[in-house]
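This report is written for a reader who meets the structure for the first time. It is concerned with the spaces inside the protein and with the ligand.

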Amino acid sequence: MIYLNGDFMPIEEARIPVLDRGFIFGDGVYEVIPVYSRRPFRLAEHLRRLQHSLDGIRITNPHTDAEWDDLLARLIAGNEGDDQYLYLHITRGVAKRDHAFPKGVAPTVFIMSNPLLTPPKELLASGVAAITASDNRWLRCDIKAISLLPNVLLRQMAVDVGAVETVLLRDGFMTEGAASNIFVMKDGILLAPPKNHLMLPGITYDVVLELAAAHDIPCEVREISEYEVRTAQELLLTSSTKEIMPITRLDGKPVGDGSPGRMFAQLYQLYQNYKVTVMRGNTTDS
Ligand code: PMP
C-alpha cells in the first residue's frame, strides 16, 4: 500500500501525470526513514532534514510533523513486516513545462514502504569493496534532491567493477559516498568529515558520532585528505538502510589488513544495542 496525494492504494494503481516536475526536471526532494519493529527510527531528525531540503528548493512543506507522523503510521500499519523503510518523495507538482516555478500548484506527495533488509552477516564479516572517484556533483549536496543522476553514475562505476560503493573526493578531500557517509579510522581515531554543503547530513552519521562520544571513542570531525583515506586502518560506510558496513578494499587494495577492524566491530555492536533500546522505548528517540 502506498500513499499518493491524499489517497492510499496498491502501488500498481498509483499514477502521476507526465508533466509532473519530478518527472520533467527532477524538481523535488526525498527522505528515507528506517522502521524497526514498526517504529520509525529518528523520525524527528528525518522530518527536520526533509524541512531543510524543502527550504533549500523553496517548496512549502505540504504537511505538519503531526500529519507526517499520522501518514507514516498508517503506511507502516498497511504494509507487511516489522522492519521496513519509508520513502517520502515531494515534487513541485504538475504544470506546463517551464523552468520557472509554477504559481498556485500543489506539490505531489508520494510515500511508499519496502521491507528493510539490512546487510547480511556474511557481508559484515568480509567487508565490501569500494572505489574512489572525483565528486562531480553540484554544490548543494546537503539537499536530499531527487535529481540523483551524478550519484547514479558514480554508484554504477563501483558496480561495474564488482564494488558496492564509490568514495567521493573533491579538491583532495573526501566528501561522502555515492549513497552513504564515510568514516575513516586512523591511528585509533575515528575521523568524520564536517557537515557542510558538500555532503548529505546523514542521520546514521549523527548516531555514530553520538555513540562514539557516549562511549569515549576518540573522534575528530574535520576535513579528511585523500592521503588519509588511502592510508586508513579502517573505512566505514553508513546509511539508514545499510546501517554501518566495513569497507575492506579500496580501488582493489586492502584497507588496513583487509578485514573488518575493531572500530567497526565496536560501533556496529553499539548501533545494534542502541536500536534495541530505542525500539523498547527506554530512551527518547528525539
Ligand atoms: N549521503 C548520501 C549521498 C546518501 O544518499 C545517503 C543515504 N541515502 C547518506 C549520505 C546517508 O544518510 P542517512 O544516514 O540519513 O541514510
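What follows describes the ligand and its surroundings, then the pocket, and then the cavity.

## The ligand and its shell

The model shown here is predicted, and the ligand is a convenient place to begin reading it. Around the ligand there are 17 residues, of which Arg49, Glu176, Ile203, Thr204 and Ser240 come nearest. Three of these nearest residues also appear in the table, which gives the distance between an atom of the ligand and an N or O atom of the protein.

| Protein residue and atom | Ligand atom | Distance |
|---|---|---|
| Glu176, side-chain N or O | nitrogen | 2.6 Å |
| Ile203, backbone N or O | oxygen | 2.8 Å |
| Ser240, polar backbone atom | oxygen | 2.8 Å |

Taken on its own, the ligand has 390 Å² of accessible area, and the protein covers 91% of that area. The elements that contribute two or more residues to the shell around the ligand are the strand β9 (173-177), the helix α6 (203-214) and the strand β13. When the residues of this shell are sorted by class, nine are polar, while four are nonpolar and four are charged.

## The largest pocket

Where does the ligand sit? The space that the ligand takes up is the largest pocket, and this pocket holds about 840 Å³ of space. Its lining is made up of 34 residues, and those lying nearest the centre of the pocket are Tyr30, Lys144, Leu148, Ala178 and Ala179.

Several elements take part in this lining, since β3 (28-36), β5 (84-91), α5 (149-160), β9, α6 and β13 each supply at least two residues. The largest share comes from α5, which gives four residues to the lining of the largest pocket. By class, the lining of the pocket has 17 nonpolar residues, together with 11 polar and six charged ones.

## The cavity

Apart from the pocket, how many cavities of 30 Å³ or more does a search of the whole structure find? The search finds one such cavity, and the volume of this largest cavity is about 30 Å³.

The residues that line the cavity are Gln233, Glu234, Leu235, Leu236, Pro246, Ile247, Val255, Ser259, Pro260 and Gly261. Two strands, β13 (234-239) and β14 (243-250), each supply at least two residues of this lining, and β13 provides the largest share, with three residues. By class, the lining of the cavity has six nonpolar residues, three polar residues and one charged residue.

The strand β13 therefore links the parts of this account, as a contributor to the shell around the ligand, to the lining of the largest pocket and to the lining of the largest cavity.

Definitions and conventions:
Residues numbered from 1 in each chain as written. Predicted model: local features only at pLDDT ≥ 70, side-chain atom pairs only at ≥ 80, totals over all residues. Heavy atoms only, no water. 1 Å grid on protein atoms, 1.4 Å probe; cavity = no way out; pocket = protein on both sides within 12 Å on 5 of 7 lines; lining within 4 Å. Points joined across faces, edges and corners; volume = space filled by probe spheres on them. Nonpolar A, V, L, I, M, F, W, Y, C, P; charged D, E, K, R; others polar. Near = heavy atom within 4 Å. Polar contact = N/O pair within 3.5 Å; in protein donor to acceptor, adjacent residues only side chain to side chain. Areas by Shrake-Rupley, 256 points an atom, 1.4 Å probe, with all protein chains shown as cover. Sits in = over half its atoms within 2 Å of the grid points.
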